[in-house]
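User: Could you show me how to read pockets, cavities and helices in a protein model?

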Amino acid sequence: MYSSVLSATISGVEGVPVLVEADVSGGLPVFSMVGYLSSRVREAQERVWTALRNTGLTFPPKRITVNLSPADIRKEGTRFDLPIAAALLGAFGYLEHEKLQGVCMAGELGLNGEIKGVRGILPIVDTAVKNRCPLCIVPSANLAETAGFCGIKVLGVSSLEEFLELAKLEDWGASLVSEPESKEEKDEEYQDDFSDILGQEAAKRAAVIAAAGFHNILFIGTKGAGKTMIATRLPTIFPELDREDSMELSRIYSVAGLLGGERTRIRTRPFRSPHHTATAKALAGGGAYPTPGEITLAHKGILFLDELPEFSRSALEILRQPLEQRKIFISRVHGNYEFPADFLLAAAMNPCPCGYYPDRNRCACTRHQVENYLGKISGPLLDRFDICTEMREVPGEKLKHRSAGKTSEEIRREVLRVHEIQKERYKGTEITFNSRLSGKETEKFCITDKNAGRLLGKVYEKLGLSVRGYYKILKTARTIADLEGSEKIRENHISEAVCYRSIDKKYWK
Ligand SMILES: [Zn+2]
């Protein structure tokens, strides 16, 4: 007898439908599994068989063939255990074949028949929706993640026994098991606030511009100036994600196995700050079957690299392609994988190994040492920062007289307003933020008034800017103008944007 059921495998962060087929026939009792399987999928044979018997079912000795199709896609992971068991139950006549049609399932089996949670449930449910499956069966442990899907019923099961009970019901009734509940949406509360930072007005202003236009930002300055303090407060001035972005991010975190428990949705922009010992693989996503790396986990949010020059050259170089294309491609023997990676790069660094350059009273580094240190940041990488801001230590005496300035909430409202301006301006295009404009789009959307145009022309010649540098100034100026609510870019917007481009010239000559 033959039976089949739908499941899905994960490629990158997308689900790919996989049909799990089982056939039982007379002949020598052997169990074979085919369909371009990784060793972990092959092991399912032992798990499924033992789990089925431990559930109290008996099976006559038969020739069993299980096939996972299509055969040209590599299947990986333990999520096929449950669909294999279901297809077998169908083939042995414990379940009607018709009953399994229109059902998509995934789950790992324990030898005692327990059904355990798996990574990547969201893309699997997505696949079910795309394939017009009315029902999805997932491990109870993953059920909360699936809340909020429309047009599909999702049921959670925690053991094979429970699964069989459920299957006995006329219409896969929901009486025995729980359906996912939509949890109360709650704003994330931050411990830190922008008003914690005293002084450092210029750097704070730069951070606000970066958040408003999603510009990459580099904080450079003496030790103890508070670079990390500002950078780690960046997430507090970002508005919440909209539903679409939230779903996309949740899918990524589901594949990475980072959803579960209390955390069933990603609603705020992620902030990832890998340590400087992180390898290129950890940033990009590694393994024979790659899972999302730091840059993908920072998608739609902030990737913060503290002590930038301390990162290995290979780790820094791997950032260049995703910074340009907003996604990363990984090639493996079994296939090519694509992961989204549209993040804001924030970085902080000391200007020299001791951290006090250019204060020659305190910095004891030789010229060569300083150059070497700064040289670790390659020109092309440096070029990816729209905003470079310098920070100096503020003496304690002076700090006493400084006011705290705006709170994160006040700034967040400003940033939200600028995000909305951009949404309106780029309606019907793929553009999300000012920083994402191509050359041609920059010409179209960044209109300067006469004086601003003249100033930009002068700067272009004086600083010997590249075309890329020229556009960068325009894009940053666009955001500054938006913060001011100005339709046209004026002279003061250009001159401020130029400041953020000329600080790096001071260090990297
Ligand atoms: Zn030094």
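Analyst: We'll start with the whole chain, then go through its empty spaces and some helices. This is a predicted model, so local features need pLDDT of at least 70, side-chain atom pairs count only at pLDDT 80 or more, and totals for chains, interfaces and linings use all residues. Residues are numbered from 1 along each chain as its sequence is written, and side-chain values use heavy atoms, with hydrogens and water left out.

User: What share of the 509 residues is buried, and how many helices and strands are there?

Analyst: Buried means under 20% relative accessible area, exposed over 50%, partly exposed in between (1.4 Å probe, protein chains only). Here 52% of the 509 residues are buried. Helices (H or I, at least four residues) and strands (E, at least two) are DSSP runs, numbered from the N terminus; the chain has 20 helices and 16 strands. Its C-alpha trace spans about 85 × 45 × 45 Å along the principal axes.

User: How do I read a pocket, and what volume does the largest one have?

Analyst: Rolling a probe the size of a water molecule over the atoms shows where empty space is left. On a 1 Å grid over the protein atoms alone, a cavity is a set of points where a 1.4 Å probe fits but cannot get out, while a pocket is an open set with protein on both sides within 12 Å along at least five of seven lines; lining residues have an atom within 4 Å of a point. Points are joined across faces, edges and corners, and the volume is the space filled by probe spheres set on them. The largest pocket comes out at about 1500 Å³.

User: Which residues lie nearest its centre, and which helix gives the most to the lining?

Analyst: Of the 49 lining residues, Asp342, Glu430, Ile431, Thr432 and Arg436 lie nearest the centre. Helix α16 gives the most, with five residues. Elements supplying at least two residues each include α8 (243-255), β14 (335-340) and α19 (467-484). For classes, Ala, Val, Leu, Ile, Met, Phe, Trp, Tyr, Cys and Pro count as nonpolar, Asp, Glu, Lys and Arg as charged, and the others, Gly among them, as polar. That gives this pocket 13 nonpolar, 11 polar and 25 charged lining residues.

User: And the cavities: how many reach 30 Å³ or more?

Analyst: One does, with a volume of about 30 Å³. Its lining is Glu14, Gly15, Pro123, Asp126, Thr127, Lys130 and Arg251. Helix α4 has the largest share, four residues. By class, the cavity lining has one nonpolar, two polar and four charged residues.

User: Arg251 sits in α8, right? Is that helix enclosed or open?

Analyst: Yes, and Arg251 is one of its buried residues. Since 10 of the 13 residues of α8 are buried, the helix is largely enclosed by the rest of the structure. For length, the expected span is 1.5 Å times one less than the number of residues. So α8 should span 18 Å, and its end C-alpha atoms are 18 Å apart, which agrees.

User: What about α20, and where is its kink centred?

Analyst: The 17 residues of α20 (residues 491-507) should span 24 Å; the end C-alpha atoms are 26 Å apart, which agrees. A bend is the angle between axes fitted to the seven residues ending at a residue and the seven starting there. In α20 there is a kink of about 30°, centred on Tyr500. Tyr500 is buried, and so is Tyr507.

User: How far is Tyr357 from Tyr507?

Analyst: They are 150 residues apart in sequence and 9.7 Å apart in space, C-alpha to C-alpha. Tyr357 is in the loop between β15 (344-349) and α13 (367-375), and counts as buried because its relative accessibility is 13%.
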